[in-house]
Amino acid sequence: GKKIWVFSNRYKKKKQKLKDLHRKAAESRKYAHNEDVNKLRVLGDHCLVENMNIKGLQRKAKGVTKNKNGKYNRRKRYGRSISKRSPGYFIKQAKYRFESTGGKFDEVNTWTFKASQYDHMLNDTTEKQLSIRWHKLPNGIKVQRDLYSAFLLYCANDDLKTPNYDQCIKFFNEFLTLHEKCINGIKDN
């Protein structure tokens, strides 16, 4: 006696159209990632990335929390954003391309090398929330957090567990000029 669900022809056409749109979006993402990996490979022979748990970013937050206004915070995180950008595929392709063409690809452990929380002038780490996107140095200079992390990875020791203080001091002025150029390029576009 259980009734069988009958899908209309219009529903079937819409479902097929949606499936085709998802396929085209995936193809476009794949093409864009391959282009970006090729550009990255041309820039150098060694690629360093922070080891991230992408599945962990997709999951909802465990507990229900309230913000300072007394409203409940949303539990959702970056699921849709990760679905649209597929960082896991990009890293997988970069690793394959670098290793297959004689380059070097390393993943830095973020538990031992806290690049986003390190300050090379103080030679110390201070914990920051993910929402804080600009890092203010003791001399008053503000730098974008992700670009500063990339600079610290560039100045890492050979063991990839700590930044090299002397290299940070040596290359910091060059980083600042490149940082300003990058920020201005972003603002112009």
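A salt bridge here is a side-chain nitrogen of Lys or Arg within 4 Å of a carboxyl oxygen of Asp or Glu. With that in mind, welcome to a set of close-ups of this predicted model.

**Figure 1. Lysine 104 and aspartate 106 meet in a salt bridge.** The N to O distance between these two side chains is 3.9 Å, and the pair counts because the cut-off is 4 Å. Lysine 104 is partly exposed, at 48% relative accessible area. Its partner, aspartate 106, is buried, with a value of 18%. By the rule used here, the structure comes to 5 salt bridges.

**Figure 2. Arginine 41 and aspartate 45 form a salt bridge.** Look for the N to O contact of 2.9 Å between the two side chains. Aspartate 45 is exposed, its relative accessible area being 53%. Arginine 41, on the other hand, counts as buried at 16%. As a reminder of the general idea, side chains of opposite charge can pair when their charged atoms come close.

**Figure 3. A salt bridge joins arginine 133 to aspartate 146.** Their closest N and O atoms are 2.7 Å apart. Arginine 133 sits in the loop between β4 (124-125) and β5 (134-136), while aspartate 146 belongs to helix α5, so the bridge ties together parts that are 13 residues apart in sequence. Both ends have some exposure to show: arginine 133 is partly exposed at 29% relative accessibility, and aspartate 146 is partly exposed at 44%. Elsewhere in the model, Asp20, Arg23 and Lys24 are joined into one network by salt bridges that share partners.

**Figure 4. Five residues make up a positive surface patch.** The members to find are Arg74, Lys76, Arg80, Lys84 and Arg85. Arginine 80 is a handy place to start: this residue lies in helix α3 and is exposed, with a relative accessible area of 67%.

**Figure 5. Tyrosine 154 and phenylalanine 171 form one of the 8 aromatic pairs in the structure.** Their ring centres are 5.6 Å apart and their planes meet at 70°, so the arrangement is edge-to-face. This pair links distant parts of the chain, with tyrosine 154 in helix α5 and phenylalanine 171 in helix α6, 17 residues apart. Tyrosine 154 is exposed, at 59% relative accessible area.

**Figure 6. Phenylalanine 172 and phenylalanine 175 form a tilted aromatic pair.** Here the rings are 6.0 Å from centre to centre, with 40° between the planes. The two residues are 3 apart in helix α6, which means that about one helical turn separates them. Phenylalanine 172 counts as buried at 6% relative accessibility, and phenylalanine 175 is buried too, at 10%. Ring pairs link Phe172 and Phe175 with Tyr148 and Phe151 into a cluster.

**Figure 7. Serine 86 and leucine 160 have positive phi angles although neither is a glycine.** For serine 86, phi is about 45°. This serine lies in the loop between α3 (79-85) and α4 (87-100), and its relative accessible area of 18% makes it buried. For leucine 160, phi is about 60°. Leucine 160 is found in the loop between α5 (145-154) and α6 (165-188); with a relative accessible area of 16%, leucine 160 is buried as well.

Note on methods. Residues numbered from 1 in each chain as written. Predicted model: local features only at pLDDT ≥ 70, side-chain atom pairs only at ≥ 80, totals over all residues. Heavy atoms only, no water. Helix = DSSP H or I, 4+ residues; strand = E, 2+ residues; numbered from the N terminus. Buried < 20%, exposed > 50% of the residue type's maximum accessible area, 1.4 Å probe, protein only. Patch = residues over 30% accessible without salt bridge, like charges linked within 9 Å, V, L, I, M, F, W, Y side chains within 5 Å. Areas by Shrake-Rupley, 256 points an atom, 1.4 Å probe, with all protein chains shown as cover. Lys, Arg positive; Asp, Glu negative; His and termini not counted. Charge placed at Lys NZ, Arg CZ, Asp CG, Glu CD. Phe/Tyr/Trp six-rings, centres within 6.5 Å; stacked < 30°, edge-to-face > 60°.
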